[in-house]
Amino acid sequence: MNPALALTAALALAALLLPLPWLAIAPNRLLPGAPVSALASLGWPVAIAALLVAAALPRRAPPAAAAFCALAAALTLIGTTGLQAGHALADLSPAARAGLGGGFWLALAGTLALAAARAAALQFAGRLALVAGGLAAIAIMLASGLLEPLSLMVEYRARAGAVQSALLRHLGLAGAALLLALLVAAPLAWAAFRVPRLAGPIGAAFAGMQVVPGLALFALLIPILAALLAAVPSLRALGLSAIGPAPAVLATAAYLALPLWRSLSGGLAAADPAAVAAARAMGMTETRITREVRLPLALPVFAGGLRVALVQAIGLVTLGGLVGAGGLGALVFEGLAQFATDLMLLGALPIVALALLADALARVAEQRLATPA
């Protein structure tokens with residue numbers, strides 16, 4: 001048995017069978033609730049979920065069937081938890097909440113990780129069908145109101161507009177930082193390729209930025225931008241401010257520049273010397289060689305660096321919530337300030353989902369570019 005599969009299954013089974021908090025029934029949004037274990041909360045569906053997890057483990061099991069069993073276990077836990085939360089709140093006041101405990105999240109992470117591990121052996125179409133089926137099942141649960149009693153859904157209903165605006169803002173900040181980093185890294189990668197002695201200083205400068213803690217860099221940019229705006233007031237007309245998107249985008253771009261620069265430099269240098277020599281023998285100019293030989297051969301390497309930078313961008317702009325940039329990070333830090341776990345999760349869960357989705361899509365593109373036509 002694969003040790004990684006065994007570990008993920010063990011985590012899920014431990015969360016199901018041990019007395020870990022699964023649901024927390026609280027009198028209101030802010031007070032802590034009384035924890036209830038999975039066995040006490042769900043009853044016999046725990047056995048079904050455990051059997052589905054066990055069915056996904058055997059090495060000889062077909063990958064599609066094993067992945068389906070693990071996903072079915074996760075969906076069973078989600079659906080039955082929503083159902084039992086409604087039963088637990090039936091005789092309580094409208095202000096009462098049914099929060100999700102650590103046991104639930106541990107079991108969900110374990111079952112989904114197990115499903116992802118078994119689905120890795122499937123073709124892209126198989127993985128896509130599995131994801132689509134899981135999303136369809138979640139959509140049905142949401143449409144039917146099965147998950148409405150959960151405090152996370154109650155919090156979302158109260159803040160749906162704010163969450164949607166924060167999601168769009170988060171994507172905008174991440175996209176702007178990625179574009180800015182690319183605009184800086186691309187010409188410097190070309191310069192380092194054409195003049196190799198520049199590669200050392202440029203790489204050292206970008207690597208030095210990685211040493212600075214993220215929170216410190218975000219905070220440090222505030223007085224720097226304030227001094228710059230005081231010296232050049234006309235920059236305010238461009239929408240720059242010391243607090244807001246500017247420090248978040250600049251700080252994030254500073255971290256993204258290194259993986260982008262390395263992948264671009266490595267990609268340009270990865271071209272087969274024989275192919276470059278053949279192009280020169282055909283009379284191609286350096287510009288044409290770069291466009292038709294170097295860049296196509298560099299795309300798989302660049303795609304790998306872009307994937308890393310994309311995931312980093314989604315995660316790092318979360319700190320923008322501390323400097324007034326908004327985005328999902330603002331929800332996370334607002335929840336921390338209020339000791340409101342559900343509000344923190346409304347910001348954190350989309351960030352995790354976006355990062356995983358971006359990584360998966362970029363990985364597919366990377367594999368396609370690396371596969372010879």
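1. Let's start with the strands. Strand 1 (residues 23–26) and strand 3 are joined by four bridges, and the two run antiparallel. Keep in mind as you look that this is a predicted model.

2. Want one pair to find on screen? Take isoleucine 25: its bridge partner in strand 3 is alanine 98.

3. Now zoom out to the sheet. Three strands make it up, in the order 2-1-3, with antiparallel pairing, and the sheet is open. Which strands sit at the edges? They are strand 2 (34–36) and strand 3 (97–100), each of which pairs on one side only. From one strand to the next, the twist averages 30 degrees.

4. Next, the helices. Two packed helices are described by the angle between their axes and the distance between the axes. For helix 8 (residues 160–194) and helix 9 (residues 199–211), the angle is about 150 degrees and the axes are 9 Å apart. Angles over 145 degrees count as roughly antiparallel, so helix 8 and helix 9 are roughly antiparallel to each other.

5. How is the crossing of helix 8 and helix 9 handed, left or right? It's left-handed. On the helix 8 side, the contact is made by Val184, Leu188 and Ala192, and on the helix 9 side by Ala199, Ile202 and Phe206.

6. What kinds of residues make up the contact of helix 8 with helix 9: nonpolar, polar or charged? Six are nonpolar, and there are no polar and no charged ones. Try picking out Leu188 of helix 8 and Phe206 of helix 9, both of which are among the residues making the contact.

Technical notes: Residues are numbered from 1 along each chain as its sequence is written. This is a predicted model: local features need pLDDT of at least 70, side-chain atom pairs count only at pLDDT 80 or more; totals for chains, interfaces and linings use all residues. Side-chain values use heavy atoms; hydrogens and water are left out. Axes are lines fitted to C-alpha atoms, for helices over the stretch in contact, and angles run from 0 to 180 degrees between N-to-C directions. Angles under 35 degrees count as roughly parallel, over 145 as roughly antiparallel, 65 to 115 as roughly perpendicular and the rest as oblique. A crossing is left-handed if the near helix is turned anticlockwise from the far one by less than a right angle, and right-handed if clockwise. Contact means heavy atoms within 4.5 Å. Ala, Val, Leu, Ile, Met, Phe, Trp, Tyr, Cys and Pro count as nonpolar, Asp, Glu, Lys and Arg as charged, and the others, Gly among them, as polar. Two strands pair if DSSP finds at least two bridges between them.
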